[in-house]
Amino acid sequence: MIIIATVKVIEGPTITSTDPSSIQCRKHQLTCIDGEGYIERIVDESDDDFESVRQHAKQTDQLLTLRPDEYLLPGFIDLHVHAPQWPNAGVALDRPLNEWLDTYTFPLESKYQDVDFAKPVYDDLVKQLLANGTTTVLYFGTTHNPANLELAKACIRHNQRGFVGKVAMDNPDQTPEYYRDASASQAVEDTETFIKQMIELNKTTSLKQTPVITPRFVPSCTPESLKGLGELAWKYDLPVQSHCSESDWENGYALEHYHKRDAEVLDEFGLLTDKSVMAHGTLLNQTDLNRFKDRGVAIAHCPISNVYFGNAVLPVSKLLKQKVKVGLGTDISGGYSPSLYQNIRQAVMSSRMLHDGVNSELDPAQRGTANDPISAKNGFYLATVGGAESLHLRTGQIKPGYLADLQVVQAPMPSFNEETMDQIFEKIIYNASKDDVKQVFVQGRFAK
Ligand SMILES: Nc1nc2[nH]cnc2c(=O)[nH]1
């Protein structure tokens, strides 16, 4: 029999995002979790029954009291991870995207036809992401279903909420012979087989793993596979993930081969729905953004990766103003770090450069753009609420009725003087590392 360790009441300060630019901080609360792993109640120090709830939890051995320098935050949601690329994190990021794919990425991904190669990599990656406070992940796997299934099993084993996609890539012109789906119909058939395998796997666990329709991106797929995948997304009402307008090269490919922008191509094949998450989007124009807004498509902003492959900076403040859904992704291994803390920082820094401009030869008035820089609070929102909304999950906030996906973070630096909760929050966002993430819970279960 498997015994799952769970937590029932967490006593300590809480920090949660409420809207894109605000956080709510409470100094002393009891976060009470029900048997299904949802936050049942939050009892504030000022509530009449605070002491009786605390005493009861303590007597029944269900109370976890945080240390004075620890804070309870929602777990992070990573909207874009290429699980098979984990062994290459940080490798060859100075190469252009298409060369990086052909020379480094496709050879590595092809190794996952061997499940024995996949198992230890996926085990380690899931643990690393959890250790960094990431409780839900939207994963690209590879073309190989046995390995993709191992990834979902690793999520179950380590208590992570996984969304896993069998990658479809069947275009012989843009994929190597040693790593591609044998045909469009094979790509679609294997995707459907994976969906059915995941449905069976989910019968064995209460931490559900979700299959995701995953055309790699427009250049890797034929029109026939894109069409079939769009039909599957509709048939099973499943999430879709792909890359969209990530680079000039990708945009150029769609224009040359379809005489359309890649967002339009994906849309015509039924792949832009309110369950779609498109990675990067650095080069989306206003027409594309209107399309995303109309369809309810979310963007996975991957700020570290974009420095290398994005050819531009995503204007996050504009998206937030226009209410286009947006969350954060590490894009392992286009992004070198498994930490969403690091990606929040890069998102803030990139947005400041987008605003101010970078060419010192221009006058200040000409140098920048009209896009406001984003703040640490905006970044925290993307990593929590933005990700949850993109995946239609009741998580990402410390709030009754929401999943108890939580991280306990120790203040990464000592306080030398009296500090406000806002200051403590900013120091956590800018300085926390994996070592400061002390405990992680997914659906109330211990995951770190
Ligand atoms: N960053 C990134 N972009 C892609 N476009 C197609 N495949 C990939 C990938 O693996 N990483």
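In which strand is the place of Asp-44?

**View 1. Asp-44 and its surroundings.** Asp-44 has its place in strand β3, which spans residues 39–44; strands (E, at least two residues) and helices (H or I, at least four residues) are DSSP runs, numbered from the N terminus. The model is predicted, so that local features need pLDDT of at least 70 and side-chain atom pairs count only at pLDDT 80 or more, whereas totals for chains, interfaces and linings use all residues. Residues are numbered from 1 along each chain as its sequence is written. Asp-44 is exposed, because 12 other C-beta atoms lie within 10 Å (exposed means 12 or fewer other C-beta atoms within 10 Å of the residue's own, buried 20 or more, and partly exposed in between, with C-beta atoms placed from the backbone). The C-alpha atom of His-28, 16 residues apart from Asp-44 along the chain, is separated from that of Asp-44 by 6.5 Å.

**View 2. The shell around the ligand.** The residues around the ligand, that is, those whose C-beta atom, placed from the backbone, lies within 6 Å of it, include His-82, Arg-216, His-243, Glu-246 and Asp-331. Helices α2 (97–110) and α10 (303–309) each supply at least two residues of this shell, and α2 gives the most, with 3 residues. By class, the shell has 4 nonpolar, 5 polar and 3 charged residues, where Ala, Val, Leu, Ile, Met, Phe, Trp, Tyr, Cys and Pro count as nonpolar, Asp, Glu, Lys and Arg as charged, and the others, Gly among them, as polar.

**View 3. Strand β10 and its partner.** In strand β10 (residues 240–244), 5 of its 5 residues are buried, with Val-240, Ser-242 and Cys-244 on one side and Gln-241 and His-243 on the other. His-243 is also one of the residues around the ligand. Strand β10 pairs in the parallel sense with β11 (residues 276–280) over 5 bridges, pairing being assigned if DSSP finds at least two bridges between two strands, and Ser-242 stands opposite Met-278 in β11.

**View 4. The largest nonpolar core.** This core, a set of buried Ala, Val, Leu, Ile, Met, Phe, Trp, Tyr and Cys residues joined through C-beta atoms within 7 Å, has 112 residues, and those with the most contacts inside it are Leu-138, Tyr-139, Leu-151 and Ile-344. Helix α3 (residues 115–131) gives the most to this core, with 7 residues. Domain 1 (6–74 + 397–446) and domain 2 (76–391) both give residues to the core, so it lies between them; the domain bounds come from an automatic or database domain assignment.
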